[in-house]
Amino acid sequence: MNSDWILILGATSDIGIAIANRFAKEGYNVQLAARNVNRIDNERINICTRYNVLTTCHEFDVLNLSSHNQFIKTLPELPQIVVSVIGLLGDHNESQRDIFAASLVMRSNYEGPASILALFANHFEKRGSGTLIGVSSVAGDRGRASNYIYGSAKSGLTTFLSGLRNRLHKKGVHVITVKPGFVYSAMTKTINPPSLLTVSPKTFANRLYKCFVKRRNVIFINAIWLYIMFIIKKIPEFIFKRTSL
Ligand SMILES: NC(=O)c1ccc[n+]([C@@H]2O[C@H](COP(=O)([O-])OP(=O)(O)OC[C@H]3O[C@@H](n4cnc5c(N)ncnc54)[C@H](OP(=O)(O)O)[C@@H]3O)[C@@H](O)[C@H]2O)c1
């Protein structure tokens, strides 16, 4: 039986809950953090009874940077694994018109997640162990007219995680960047993504667990996206700017 803790930041997300269940199945105790803990208490009870592990819920708003240190102090134990699934797609057209809407998307996908992971990174470095997992996006691999505000924030997160991995790999701390492609979730409810390009939260969690065990660095949850993004990145800019992707 594992006595380590995993912390899920953004635990109202179906992906976050699927990850919590997957790791609980392996015996990890689970800390769930979300803006509104009332929305996650049922999941906490389910995980606890299903897998007979310890589970706790914590109030957490990633945009409230000044609360981050206190949030970490209130955790029952410094976790061995922290997963941030926090993100906000937003409405791209609105973000193009309204800089405050754009700023919210940028801060929710980059500034907030990077800031809390940075704090955990320092704690983990001091302890000399731990894994930090950040859910970024293939949208961060190339700016596209249809979602470059969300994409640029994810790009920032991807670069941040890469640097963090580079800094911490000799300190016993592992950093994983996750690039999911489409996942069936609240975020994609209105998009209706093609099934070939889309995975379930459960598949996401299974794949993430396998990659965690293998200590992978950058994960494409659905391998098809590795090839899609390879091609998209290769398109010369003078052609790319004429496309509507
Ligand atoms: N679904 C996809 O196809 C897809 C593709 C690529 C990447 N991703 C990434 O995967 C992650 C999970 O997304 P999802 O599909 O599960 O969508 P989701 O259900 O909308 O999950 C987003 C999560 O972020 C949380 N969050 C947003 N702002 C927050 C804040 N200020 N403080 C704390 N939590 C906050 C949300 O909490 P609330 O419930 O309180 O809003 C929610 O738990 C995101 O990072 C997303 O960008 C998803």
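A residue counts as near the ligand here if its C-beta atom, placed from the backbone, lies within 6 Å of it. Keep that cut-off in mind as you look around this predicted model.

Start at the ligand. Select it together with its surroundings: 28 residues form the shell, and T12, S13, G87, S185 and M187 are the closest. Three elements each give two or more residues to this shell: α1 (14–25), α5 (99–127) and β7 (182–183). Highlight α1 next, since the largest share, three residues, comes from that helix. Now try colouring the shell by class. You should find 14 nonpolar residues, eleven polar ones and three charged ones.

Next stop: α5. Select 99–127, one of the elements that line the ligand. This helix has 29 residues, and the distance from its first C-alpha to its last is 40 Å, close to the 42 Å expected at 1.5 Å a residue. Where does α5 have its kink? Centre your view on R107, where the kink is about 45°. Then move on to G128, which follows α5 and has a positive phi, near 85°.

Finally, zoom out to the whole protein chain. Switch to a cartoon view and look for nine helices and nine strands. The C-alpha trace spans about 55 × 40 × 35 Å along its principal axes. The radius of gyration is 18 Å, which agrees with the value near 18 Å for a compact globule of 245 residues. Buried residues make up 40% of the chain. Of the contacts between residues at least 6 apart in sequence, 67% join residues at least 24 apart.

Terms used. Residues numbered from 1 in each chain as written. Predicted model: local features only at pLDDT ≥ 70, side-chain atom pairs only at ≥ 80, totals over all residues. Helix = DSSP H or I, 4+ residues; strand = E, 2+ residues; numbered from the N terminus. Rg over C-alpha atoms; globule rule 2.2 N^0.38 Å. Buried ≥ 20, exposed ≤ 12 C-beta atoms within 10 Å, placed from the backbone. Contact = placed C-beta atoms within 7 Å. Nonpolar A, V, L, I, M, F, W, Y, C, P; charged D, E, K, R; others polar. Expected span 1.5 Å × (residues − 1). Bend = angle between axes of the 7 residues up to and from the residue.
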